[in-house]
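Colleague: I'm new to this one. Could you walk me through how to read it, one feature at a time?

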Amino acid sequence: MAALPKQRYSPQEYLALDRASEFKHEYVNGEVFMMTGASREHNAITFNIAGALRTQLRGKPCQGYVNDMRVRIEGKRYAYPDVVVVCGTPEFEDAEVDTLLNPTVIIEVLSPSTEAYDRGTKFKKYREMPTLQEIVFVAQDAPHFEHYKRNELGEWVLADVMGLEADSHFPSINCTLHLGDVYDNVGFDAPTNSDEHP
């Protein structure tokens, strides 16, 4: 992501800029960052996740969005998760209905250019969102999920899921992703068990 030249934007200025632009931007404490294009692998993984979740969410009081749903997160930040699911009535920032306030699940497909931010401050701010129940980081270069789930005490618990035969279950939306399906048509020589994973 590349920061725009102006030093500081208000949230209102950011939203006006982002809505008027053909490109997406994330907002971090007054700074605006233009999002760059994703790799073929990133797009394939996101498409596969969305397809699998769409089928499983049918008939449930939940709905999913891919790439273009802006989410307001804690600490004057706005982001575009790769996949976001909300259960119950979606709440939005304003009448534009393009900025979600109450996500249940967020899935981020990691990219080399954004991984440090996704795992760092952004992850910390995600965990402060009261409605969010699950956060998943998805690797591009191997079949590997880091699946964080909020337990009944409000603590975040990590499930490390590896290998094309593995499944990752999402209790908050009662869905399961099979890693073999998630990584279908993704171009890497994937290990099939955790012993071979770097």
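Colleague: Let's talk about contacts along the chain. Of the contacts between residues at least 6 apart in sequence, what share joins residues at least 24 apart?

Modeller: Here it's 54% of those contacts. Keep in mind that this is a predicted model. You can see one such pair in E108 and V138, which sit 30 residues apart in sequence but 6.1 Å apart in space, C-alpha to C-alpha.

Colleague: And the overall make-up? How many helices and strands are there?

Modeller: The protein has 5 helices and 14 strands. Its radius of gyration is 17 Å, close to the 16 Å that the globule rule gives for 198 residues, so the protein is as compact as a globular protein of that length. Along the principal axes, the C-alpha atoms fill a box of roughly 50 × 35 × 30 Å.

Colleague: What about inside and outside? What percentage of the residues is buried?

Modeller: Buried residues account for 44% of the 198. As for the outside, the accessible surface is about 9800 Å², and 50% of that belongs to carbon and sulfur atoms.

Colleague: Now the sheets. In what order do the strands of the open sheet come?

Modeller: Read it as β4-β7-β9-β10-β11-β12, 6 strands with mixed pairing. The edges are β4 (62-66) and β12 (156-162), each of which pairs on one side only. Ignoring direction, neighbouring strands in this sheet are turned by 15 degrees against each other on average.

Colleague: Can we zoom in on one pair? Do β7 and β9 run parallel or antiparallel?

Modeller: Antiparallel: 3 bridges join β7 (residues 83-87) to β9 (residues 105-109). To find your place, look for V84, which stands opposite I106 in β9.

Colleague: While we're in β9, is E108 buried or exposed?

Modeller: The general idea is to check the relative accessible area: under 20% counts as buried. E108 is at 3%, so it's buried. This residue belongs to strand β9, and its side chain makes a polar contact of 2.6 Å with the side chain of Y126. Beyond its sequence neighbours up to four places away, E108 touches a list of residues including Y80, D118, K122, V136 and F137.

Colleague: Which strand holds E146?

Modeller: That one is in β11 (residues 144-150). E146 is buried because its relative accessible area is 12%, and that falls under the 20% cut-off. The side chains of E146 and R119 are joined by a polar contact of 2.7 Å. Besides R119, the contacts of E146 outside its four-place neighbourhood include I135, L158 and D160.

Colleague: Which way do side chains point in a strand?

Modeller: In a regular strand they alternate between the two faces of the sheet.

Colleague: Let's do an opposite case. Is E165 buried or exposed?

Modeller: E165 is exposed, because its relative accessible area of 62% is over the 50% cut-off. You'll find E165 in the loop between β12 and β13 (167-170). Its C-alpha is 7.2 Å from that of H178, which is 13 residues away along the chain.

Colleague: Last one, the hairpin. How many residues lie between β2 and β3?

Modeller: There are 2 residues between them, and N29 in the turn has a positive phi of about 50 degrees. The strands β2 (residues 25-28) and β3 (residues 31-34) run antiparallel and are joined by 4 bridges. One bridge to pick out pairs Y27 with V32 in β3.

Conventions: Residues numbered from 1 in each chain as written. Predicted model: local features only at pLDDT ≥ 70, side-chain atom pairs only at ≥ 80, totals over all residues. Heavy atoms only, no water. Buried < 20%, exposed > 50% of the residue type's maximum accessible area, 1.4 Å probe, protein only. Polar contact = N/O pair within 3.5 Å; in protein donor to acceptor, adjacent residues only side chain to side chain. Contact = heavy atoms within 4.5 Å. Pairing = 2+ DSSP bridges. Axes fitted to C-alpha atoms, helices over the stretch in contact; angles between N-to-C directions. Rg over C-alpha atoms; globule rule 2.2 N^0.38 Å. Areas by Shrake-Rupley, 256 points an atom, 1.4 Å probe, with all protein chains shown as cover.
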